Amino acid sequence: MSHHIVEVKNLRHVYPDGTEALKGVSFRIHHGESVAIIGANGAGKSTLLLHLNGYHSPTAGEVRIGDFLLSKGTLPGIRRTVGMVFQDPDDQLFMPTVYDDVAFGPLNLGLNGNELERCVADALERVGAAHLAAKAPYHLSGGEKKRVAIATVLSMSPDILVLDEPASGLDPYARRQLIGLLKEFRHTKIFTSHDLDLVLELCQRVILLKEGEVRADGPAAEILRDERLLAECRLEVPLSLQGCPICGKRQG
Ligand SMILES: Nc1ncnc2c1ncn2[C@@H]1O[C@H](COP(=O)(O)OP(=O)(O)OP(=O)(O)O)[C@@H](O)[C@H]1O
């Protein structure tokens with residue numbers, strides 16, 4: 001069975017103002033893979049992720065999650081399978097308290113009482129935000145909001161985790177905590193990031209987008225070492241793979 005395979009075929013997306021953000025993107029991601037979608041600003045990363053649980057509809061092409069072609073009819077089931085963390089946490093947090101925001105999804109899945117409380121506490125604990133449960137989301141700092149947004153998705157126990165720039169705005173400790181958390185998540189992870197050191201640490205595979213097209217798709221360790229390819233796409237080799245500026249020796 002095509003257990004939670006994510007398949008994107010010839011995906012094209014044109015925004016109403018005529019911007020062609022995706023120009024025929026295709027790939028297949030198997031269950032358990034950890035894949036980073038990288039590319040310069042405007043390359044089409046967020047547009048692509050927003051198709052994976054139906055926030056955007058393809059202009060042409062298709063998205064399949066497991067056995068299901070993404071459509072109006074399959075959307076509710078697909079949204080239970082694919083947990084999406086948006087680039088801007090303000091798009092994710094809308095309840096009066098952090099607790100309510102994290103409880104919203106599981107409550108809709110039918111959890112209540114002690115089970116619900118445990119689920120919320122566990123999700124907040126995992127992102128280091130247990131102490132924020134009673135706060136209003138709009139009073140949180142940017143990094144705190146980001147962590148709570150991730151908790152709202154973890155509380156749903158998704159089979160496929162999709163995160164748009166999960167590390168942006170996090171301090172070094174929270175970034176390290178996020179890396180640990182994502183390493184623990186054994187199902188499929190698909191995320192975008194400009195933090196290529198984080199990508200190198202978390203992903204075996206990278207899909208490199210350039211101007212709405214897949215420019216490269218392959219092992220992270222190879223693509224992230226390819227200085228010419230990265231420069232062509234307005235990216236740089238991650239710091240951990242750059243040579244010492246004095247003697248040129250590489251760390252890894
Ligand atoms: N609602 C919209 N209407 C029109 N054009 C849009 C819209 N949203 C995005 N775009 C355009 O689509 C292209 C891809 O944008 P997208 O946000 O997917 O890029 P990205 O790779 O995620 O960039 P970043 O690294 O800056 O987050 C850009 O040219 C952008 O200006």
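**A predicted model, view by view**

**View 1. The whole chain and its buried residues.** Of the 252 residues in the protein chain, 39% are buried. This is a predicted model, and its protein chain carries 9 helices and 10 strands. Along the principal axes, the C-alpha atoms fit a box of roughly 55 × 45 × 40 Å. A compact globule with 252 residues would have a radius of gyration near 18 Å, and the value for this protein chain, 18 Å, therefore agrees.

**View 2. Contacts across the sequence.** Here we turn to residue pairs in the protein chain that touch while lying at least 6 apart in sequence. Of these contacts, 64% join residues at least 24 apart.

**View 3. The annotated domain.** An unreviewed UniProt entry carries the annotation "domain: ABC transporter" for residues 6-236. Over that stretch, helix accounts for 36% of the chain and strand for 26%. Follow residues 6-236 from end to end, and the end C-alpha atoms turn out to be 28 Å apart.

**View 4. The shell around the ligand.** Take a look at what surrounds the ligand: Tyr15, Asp17, Thr19 and Ala21, then Gly39, Asn41, Gly42, Ala43 and Gly44, and finally Lys45, Ser46 and Thr47. By residue class, this shell divides into 7 polar, 3 nonpolar and 2 charged residues.

**View 5. Helix α1 beside the ligand.** Which helix gives the largest share of the shell around the ligand? That is helix α1, spanning residues 45-52, with 3 residues in the shell. Lys45, Ser46 and Thr47 are among the residues surrounding the ligand.

Methods: Residues numbered from 1 in each chain as written. Predicted model: local features only at pLDDT ≥ 70, side-chain atom pairs only at ≥ 80, totals over all residues. UniProt positions renumbered as here; feature names shortened; annotations may be inferred. Helix = DSSP H or I, 4+ residues; strand = E, 2+ residues; numbered from the N terminus. Near = placed C-beta within 6 Å. Nonpolar A, V, L, I, M, F, W, Y, C, P; charged D, E, K, R; others polar. Rg over C-alpha atoms; globule rule 2.2 N^0.38 Å. Buried ≥ 20, exposed ≤ 12 C-beta atoms within 10 Å, placed from the backbone. Contact = placed C-beta atoms within 7 Å.
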